[in-house]
Structures are given as C-alpha cells and as structure tokens.
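Biologist: I'm new to reading protein structures, so please pick one part and take me through it closely. Then show me how it sits within the rest of the chain.

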Amino acid sequence: MLCHCNARITSLSLLACLLALAGSAAACAQATVSQQQVPSAPQPQDPIASAVTMFPHPENSRYWLSGQANIILQGRLPFHSPYQGTNSFRNSAEYKTSLLGTAYTALRPTRSIRYNTDLILNIESAGGRGLSEALGLAGFTNLDVVRNPNLGSAPYLARYEIHQVFGLTSKTVSQEPNFFALAPSVPARRIEFRIGKMTLPDFFDVNDVGSDSHLQFMNWTVDNNGAWDYAADTRGYTVGGMAEYDDRNWSLRYGIFAMPTVANGIDMDWAFSRAHGQNGEFELRRGFISQHRGTQRILFYANRAHMGTYREAVQDFLSGYDTAHFGVTVPTITLHEHFGALKYGLGYNTEQDVTANLRLFGRFGWNEGQHESFAYTEDDQTVEAGGDYAGTRWHRPLDKVGLAVVSNAIKRDHQNYLKYGGLGFLLGDGKLNYGREDIVESYYTWHAWRGLFYAVDVQHIADPGYNRDRGPAWVGSVRAHVDF
C-alpha cells in the first residue's frame with residue numbers, strides 16, 4: 001500500500017490530514033511558479049496535457065507502478081419510517097467513512113506490439129464502513145464499501161492477470177498506456193486474452209461518464225448496471241478468463257468466471273461444471289450525433305450457482321411446510337437452493353459526446369428475477385440517464401459536474417418474498433409496500449493539484465429498499481481522491 005491508515009485515527013482527522021497535504025502541495029506549487037516568474041496571465045490549462053497523477057509515468061516503459069487512495073465521508077439525515085427490519089436502511093442520522101487504497105503494478109516482458117504480454121498484480125485495502133452497514137438499498141450510496149465489514153481492512157490480492165495480445169494485422173493504433181495494458185499502441189485488429197483474478201466491471205459495461213466511483217458518481221446502480229448480477233465475491237472480484245476481438249469500430253468480448261458458494265459470499269465455488277458466470281458484450285463505437293464520439297454496448301449474462309427461487313420460498317412458507325419442518329417464521333430462500341440454478345439477464349449501455357464539454361450516458365438492465373439476487377445487488381430491472389459537464393468555461397477543464405437519475409425495480413416474486421418478511425443479502429424491512437426505488441445523484445469534482453481531487457455529492461432516494469412506507473432519504477458525501 002502507498003497509503004497507511006491508523007485504525008485509531010478518526011475519519012475527520014483523515015480528511016483533515018489530506019486537506020492539509022493538499023494545502024502544502026498547492027503552496028509548494030505556487031512558490032515554484034513564483035520563483036520562476038511566470039507571467040500573471042498564464043495560458044489556459046490543457047486537460048489532455050495536464051498532469052492528473054502526483055508523479056508522471058515514464059513513456060514507453062516496460063513496467064507500471066502507481067497507486068490511489070479514496071476516502072468518502074457520507075452522512076444521512078433522519079427520514080420518515082413507521083417501521084424497519086433487520087436489513088433496513090436506518091432512518092436515524094448517521095455518518096460513516098470508507099477508505100480504499102490500491103497499489104497497481106504491471107510488467108511488460110517484451111517490447112513486441114503485435115504479440116504484447118502484460119503481467120498484472122494489484123494489492124488493495126478496503127476499510128471503514130457504509131451507512132447502515134451497506135444494507136437496505138438496492139442502489140447503495142457508496143461503491144467503495146465492502147458489503148461484509150467483518151472482513152476487516154487487511155491488505156489483500158485484488159487482481160492478478162496475464163494479458164496476451166495477438167495482432168491480426170501490422171497496422172497499429174495508439175492507446176494511452178495504463179495498468180491493464182502497457183503498450184503505447186496496439187494492432188488495429190487483434191484478439192486479447194485475460195486470465196486470472198479480476199473484477200468484471202473493469203472490462204464489461206464500462207462507461208466513460210458513469211463508471212468511476214473515484215472521480216464521478218458513487219451509487220452502485222449508477223456506476224454499474226444494477227440488474228447485472230455479475231460473478232463476484234463480497235469484495236467484487238472473481239477468477240476466470242475472457243477473450244476479446246477488437247476491430248477499428250467494434251469489439252466483441254466473452255468470459256467465464258467463478259461464482260460464490262453463497263449469496264454475497266467471500267468463498268468461490270471452483271466446480272465450474274455446476275457453478276459459473278458467463279458474460280458476453282458487443283461494443284459499437286459509433287454515436288447518434290455526426291462528428292461526435294459515441295458508443296453503444298449490449299451485454300448478456302447467465303449465472304449458474306447454488307441459488308434459491310423466491311416463489312418456492314414463499315409458497316412453502318405460506319403452506320406451513322417450512323415452519324413445520326424448519327421452524328422458520330418468515331420465507332427463507334436459503335432453504336430452497338438448488339445446484340445449477342440458472343439466472344440470466346441483459347443490458348444496454350450508451351454514451352454520447354454532445355459538445356466539447358457535455359457528455360450524456362444511459363443504461364437499461366433486466367434479469368429474470370425468479371432466482372435470488374446472488375452477487376451484486378437486489379435489482380431485477382434498472383433504467384438510468386445522466387451526464388457530466390467539464391469546467392472549461394470557468395477555466396477549470398479538469399473539474400466535472402454530473403447529474404444522474406436511476407429507477408430500480410424487482411419482480412412480483414421478489415416483492416412477495418420481502419412483503420412476507422423474507423431477507424435477502426441486502427434488503428428486508430420486515431414487510432413491504434412496493435414502489436420503485438428512484439435515485440437522483442449529483443456531484444461536483446474539483447481538481448486541486450496534480451493527482452489530488454475533491455468532490456461533494458448529494459443523493460436523493462425515494463422508496464428506499466422499494467418501500468413506499470419509508471423515506472425519502474437524503475445522503476450527502478465528501479470525497480478526497482489522490483492518484484500517485
């Protein structure tokens with residue numbers, strides 16, 4: 001880790017320290033500029049050429065070493081709630097802090113472009129907690145939060161991958177080197193393979209406007225397709241492999257990955273014959289506005305795992321069978337799990353440049369909703385739209401203001417399960433007066449200096465946990481992010 005945190009330090013102290021660091025860094029930069037006697041009317045900052053990391057990466061290097069730290073302080077105002085259950089989003093005032101740090105390393109053994117290889121290794125630490133222990137919302141308010149705080153903040157191996165490129169032509173196109181691909185250019189037509197430990201949103205359902213919780217939105221169902229129950233452990237990672245074909249204007253990717261043994265579990269089921277997640281995506285890099293960049297993506301997934309069905313759990317509870325045989329007083333889906341159960345769904349993802357500063361994006365997601373939500377969140381249908389605007393007009397080209405609206409829903413069987421008091425791995429108010437969970441999120445990200453960014457964020461959640469009897473809830477956030 002490049003950032004060490006003492007467990008006894010309070011969240012406010014951490015933010016104060018980072019603010020102090022920013023002040024010192026900015027003061028040093030100002031002093032340096034003064035010593036160099038730069039004219040009082042500097043040229044406008046070029047957002048492409050501006051340094052957005054503390055230390056620039058060497059060009060055409062065969063290795064990569066970088067890191068990031070992300071601190072989010074969130075607070076919730078009290079809201080109307082005539083009742084709440086085991087997995088409710090609590091209605092009392094509360095604030096919590098999350099801390100996420102990652103060290104990125106990669107090695108490129110050769111300088112070949114047509115047959116490039118990257119060896120990738122990341123170490124991560126996730127500390128702090130989420131509001132209500134990250135329970136009670138399908139669209140939870142902080143993507144950095146680990147859904148099981150008992151895992152602790154000890155560093156762990158987040159990613160280890162082998163990335164192999166096979167060029168199908170000698171013609172090349174340039175790319176910005178990063179910790180997933182170090183080469184400065186790639187064949188215009190190529191096949192890429194990745195195998196190892198990874199998180200699927202690194203490569204599927206990516207959206208330049210709404211995928212980065214460190215510089216953009218923070219909500220789970222804004223940064224990712226909420227209805228995409230992608231294979232992952234509690235921390236969001238899995239092991240498997242994927243292949244991708246890339247052409248100039250389109251790409252096709254497919255991967256198969258391990259599923260957890262239980263819903264929201266940290267342990268994976270390594271018997272791929274009975275448990276696995278298959279994911280496929282077609283990407284077309286063409287927009288709806290002539291001469292403006294745009295991209296369309298169509299995603300599908302099919303998960304097999306030891307999953308239960310909501311309808312079976314409700315029927316056996318209402319008939320009295322589960323109470324007589326297991327002594328339960330509410331529907332319990334874990335009593336109705338079957339090996340090889342199939343959960344499937346699809347999604348659509350779009351982004352579109354409108355002007356040099358304005359970008360729009362949207363998503364739609366759907367899954368069959370009969371089998372239990374297993375790995376990501378309890379969401380069977382999602383629709384979202386939003387955009388961001390760069391601050392070039394007020395001479396802050398690396399600043400961004402963003403706004404997004406997302407509406408989440410669950411199917412009838414899922415509704416009935418919660419209505420009769422059932423618990424999912426995230427939701428469970430004890431009863432349910434169903435309504436769509438509608439969320440509006442807005443942020444402003446301020447580029448302070450080099451790789452240091454601050455942000456303020458506000459989220460409004462109507463019918464939290466799909467319950468019309470509760471809410472609306474307001475959540476405010478302050479974020480500090482640094483890239484090394």
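**A strand and the loop after it**

Modeller: Let's start with D205, which is buried because its relative accessible area is 2%, and anything under 20% counts as buried. Keep in mind that this is a predicted model. D205 belongs to the loop between β7 and α2, the latter covering residues 220-223. Its backbone has a quirk too: phi of D205 is near 60°, a positive value in a residue that isn't glycine.

Now step back along the chain into strand β7, which runs over residues 190-198 and includes K197. Here's a nice puzzle: what does K197, a buried residue, have in place of a salt bridge? The nearest side chain of opposite charge belongs to D233, and that is 4.7 Å away. A salt bridge needs the atoms to be within 4 Å, so that pair doesn't make the cut. What the K197 side chain does reach is the backbone oxygen of L157, at 2.7 Å. L157 also turns up among the contacts of K197 once you set aside neighbours within four places in sequence. That list continues with A158, R159, Y160 and E161, and it also takes in Y237, T238 and V239. To place some of those partners, look at strand β4, which spans 156-167.

Stay in strand β7 and you'll find I195. Buried or exposed, where does I195 fall? I195 is exposed, because its relative accessible area is 53%, and the cut-off for exposed is over 50%. So strand β7 holds a buried K197 along with an exposed I195. I195 has company as well: together with Y63, L65, L107, L119 and I162, it forms a nonpolar patch on the surface. Added together, those side chains' residues have about 600 Å² of accessible area.

D205 has a counterpart in another loop. Phi of A134 is also near 60°, again positive without the residue being glycine. A134 sits in the loop between β3 (117-128) and β4, and it counts as buried because its relative accessibility is 0%.

Finally, the wider setting. The protein chain has five helices and 20 strands, and buried residues make up 53% of its 484 residues. Among contacts with a separation of 6 or more, 72% join residues 24 or more positions apart. The contacts K197 makes with Y237, T238 and V239 are an example of reaching along the chain.

Notes:
Residues are numbered from 1 along each chain as its sequence is written. This is a predicted model: local features need pLDDT of at least 70, side-chain atom pairs count only at pLDDT 80 or more; totals for chains, interfaces and linings use all residues. Side-chain values use heavy atoms; hydrogens and water are left out. Helices (H or I, at least four residues) and strands (E, at least two) are DSSP runs, numbered from the N terminus. Buried means under 20% relative accessible area, exposed over 50%, partly exposed in between (1.4 Å probe, protein chains only). Lys and Arg count as positive and Asp and Glu as negative; His and the chain ends are not counted. A polar contact is a pair of N or O atoms within 3.5 Å; within protein, one must be able to donate a hydrogen and the other to accept it, and residues adjacent in sequence count only if both atoms are side-chain atoms. Contact means heavy atoms within 4.5 Å. Patches are made of residues with over 30% relative accessible area and no salt bridge: like charges are joined within 9 Å, nonpolar side chains (Val, Leu, Ile, Met, Phe, Trp, Tyr) within 5 Å. Accessible areas come from the Shrake-Rupley method with a 1.4 Å probe; for residues, only the protein chains shown count as cover.
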